[in-house]
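Work through the exercises below with the structure open beside you, and try each task before you read its solution.

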Amino acid sequence: MVKRRSMVLGLGALATGSGAVFSSAAFNNSVNPSSDMRVVVDEKLTLEPGILFRDGSSAGDTFDPTASTAPDGETLQDQDSNSLFGGNTNAGLENITPGDVPAAAINDAVDGNLFLETAVALGADDKIGDSSNGVFQVRNDTNSSQDIAIRFPTFGPDVGAGGTQVTETEAVETFRFFDSSDTQISTDDPTASPPTVDNVVTVSPGNVEQIYVDYNTKTHEDALETAAGITGDPFQQQTATVDLVDTIKVGVEDGNDVSP
């Protein structure tokens with residue numbers, strides 16, 4: 001029998017300094033074997049740190065963020081030794097300034113133990129990684145090609161219809177995920193029932209696909225500032241959390257919820 005499972009990741013956000021830095025509080029992967037998940041993976045996919053965090057240009061190179069050559073000058077860190085948001089003695093967010101972003105920290109782990117943090121400028125439209133340097137990579141260990149996409153099944157408490165909340169559409173338009181062909185493979189219309197994805201990426205048996213993060217905190221900047229509770233003097237340092245997305249799913253598509 002084919003084993004079916006989903007890769008489930010959490011994605012939050014944190015705003016620091018009066019509109020200065022906008023960051024993901026947690027991007028944490030865990031495996032959920034529930035058979036009623038709409039996005040599932042046949043047999044086994046492996047999610048691990050992408051080339052962005054490796055010492056070289058190959059998916060199999062050694063994990064070493066400090067030796068990596070970031071394509072756009074990202075500040076890269078090993079999350080195990082220098083978490084952006086605490087959890088160890090070298091919490092780096094206090095030292096992150098607008099000049100240091102985008103910044104990202106990831107640990108050398110796979111699947112349920114993978115942990116990624118990001119910090120980006122509020123009011124910016126850019127990306128972390130690129131088509132050749134994924135933030136994370138998906139390895140197809142099955143015997144057949146798999147069509148992979150990313151969905152947003154669970155939004156955070158700061159997403160909703162309230163006046164101080166970010167809408168679901170604004171949340172998925174703030175963080176988007178692209179493959180090595182610069183094609184968006186995450187849904188950007190959560191209002192559909194069920195939400196569809198416009199594109200998938202086909203990964204051949206034994207191959208690895210690079211996935212990078214595109215962020216846009218400019219289009220919905222006012223909504224993000226309101227949700228973060230950033231007010232008053234623009235030069236006064238303030239910190240507030242914004243929980244946008246609790247989970248995303250990286251998994252195989254069967255074509256039923258893919259736009260024609």
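**Exercise 1. Aromatic rings**

Task: Find which residues form one aromatic cluster, and then describe the pairs of rings by distance and angle.

Solution: Phe136, Phe152 and Phe177 form one aromatic cluster in this model, which is a predicted one. A search of the whole structure gives three aromatic pairs, and two of them are worked through here.

Step 1. Take Phe152 and Phe177, whose ring centres are 6.2 Å apart and whose planes meet at 45°. Planes under 30 degrees apart count as stacked and those over 60 as edge-to-face, with the rest called tilted, so the pair of Phe152 and Phe177 is tilted.

Step 2. Place this pair on the chain: Phe152 belongs to strand β10 (residues 146-155) and Phe177 to strand β11, and the pair links distant parts of the chain, 25 residues apart. Both Phe152 and Phe177 are buried.

Step 3. Now take Phe178 and Tyr212, where the centres are 5.6 Å apart and the planes stand at 15°, so this pair is stacked. Because Phe178 lies in strand β11 and Tyr212 in strand β13, the pair ties together parts that are 34 residues apart in sequence. Phe178 and Tyr212 are both buried.

**Exercise 2. The nonpolar core**

Task: State how many residues the largest nonpolar core has, and which strand gives the most to it.

Solution: Step 1. The largest nonpolar core has 45 residues, and those with the most contacts inside it are Phe53, Val135, Phe136, Val138, Ile150, Phe177 and Leu244.

Step 2. Strand β14 (residues 239-252) gives the most to this core, namely five residues.

Step 3. As background, nonpolar side chains in soluble globular proteins tend to be buried together.

Step 4. Look at Val135 in detail: leaving aside neighbours within four places in sequence, the residues in contact with Val135 include Phe53, Ile106, Leu116, Ile128, Ile211 and Tyr212.

**Exercise 3. Salt bridges**

Task: Find how many salt bridges a search of the whole structure gives, and decide for each partner whether it is buried or partly exposed.

Solution: Step 1. The search of the whole structure finds two salt bridges.

Step 2. One of them joins the side chains of Arg139 and Glu48, with a distance of 2.6 Å from N to O. Arg139 is in strand β9 and Glu48 in strand β4 (residues 45-49), so that distant parts of the chain, 91 residues apart, are linked by this pair.

Step 3. Recall that buried means under 20% relative accessible area and exposed over 50%, with partly exposed in between. Arg139 has a relative accessible area of 24% and is therefore partly exposed, whereas Glu48, at 8%, counts as buried.

Step 4. Another salt bridge is formed by Asp214 and Arg176, whose closest N and O atoms are 3.1 Å apart. Asp214 lies in strand β13 (residues 208-216) and Arg176 in strand β11 (residues 175-178), so the pair ties together parts that are 38 residues apart in sequence.

Step 5. With the same cut-offs, Asp214 counts as buried because its relative accessibility is 11%, and Arg176 counts as partly exposed because its value is 23%.

**Exercise 4. Two glutamines**

Task: Decide whether Gln137 and Gln165 are buried or partly exposed, and describe the surroundings of each.

Solution: Step 1. Gln137 is found in strand β9 (residues 136-140), and at 0% relative accessibility it counts as buried.

Step 2. The side chain of Gln137 makes a polar contact of 2.8 Å with the side chain of Glu48, and a polar contact of 2.8 Å also joins Gln137 to the side chain of Gln210. Beyond neighbours within four places in sequence, Gln137 is in contact with several residues, among them Thr46, Arg54, Ala59 and Val208.

Step 3. Gln165 has its place in the loop between β10 and α2 (168-174), and since its relative accessibility is 25%, Gln165 counts as partly exposed.

Step 4. Leaving aside neighbours within four places in sequence, Gln165 is in contact with Pro157, Asp158, Val159, Gly160 and Glu170. Gln165 and Ala228 are 63 residues apart in sequence, and their C-alpha atoms are 9.0 Å apart in space.

**Exercise 5. Confidence**

Task: Give the mean pLDDT of the protein chain, and name stretches where the pLDDT is below 50.

Solution: Step 1. The mean pLDDT of the protein chain is 73, and 68% of its residues reach 70 or more.

Step 2. The pLDDT is below 50 over residues 1-10, a stretch that has 55 contacts in the model beyond near neighbours in sequence. The pLDDT is also below 50 over residues 13-43, where the corresponding number of contacts is 159.

Note on methods: Residues numbered from 1 in each chain as written. Predicted model: local features only at pLDDT ≥ 70, side-chain atom pairs only at ≥ 80, totals over all residues. Heavy atoms only, no water. Helix = DSSP H or I, 4+ residues; strand = E, 2+ residues; numbered from the N terminus. Buried < 20%, exposed > 50% of the residue type's maximum accessible area, 1.4 Å probe, protein only. Polar contact = N/O pair within 3.5 Å; in protein donor to acceptor, adjacent residues only side chain to side chain. Contact = heavy atoms within 4.5 Å. Salt bridge = Lys/Arg side-chain N within 4 Å of Asp/Glu carboxyl O. Core = buried A, V, L, I, M, F, W, Y, C linked by side-chain atoms within 4.5 Å. Phe/Tyr/Trp six-rings, centres within 6.5 Å; stacked < 30°, edge-to-face > 60°. pLDDT = per-residue confidence, 0-100.
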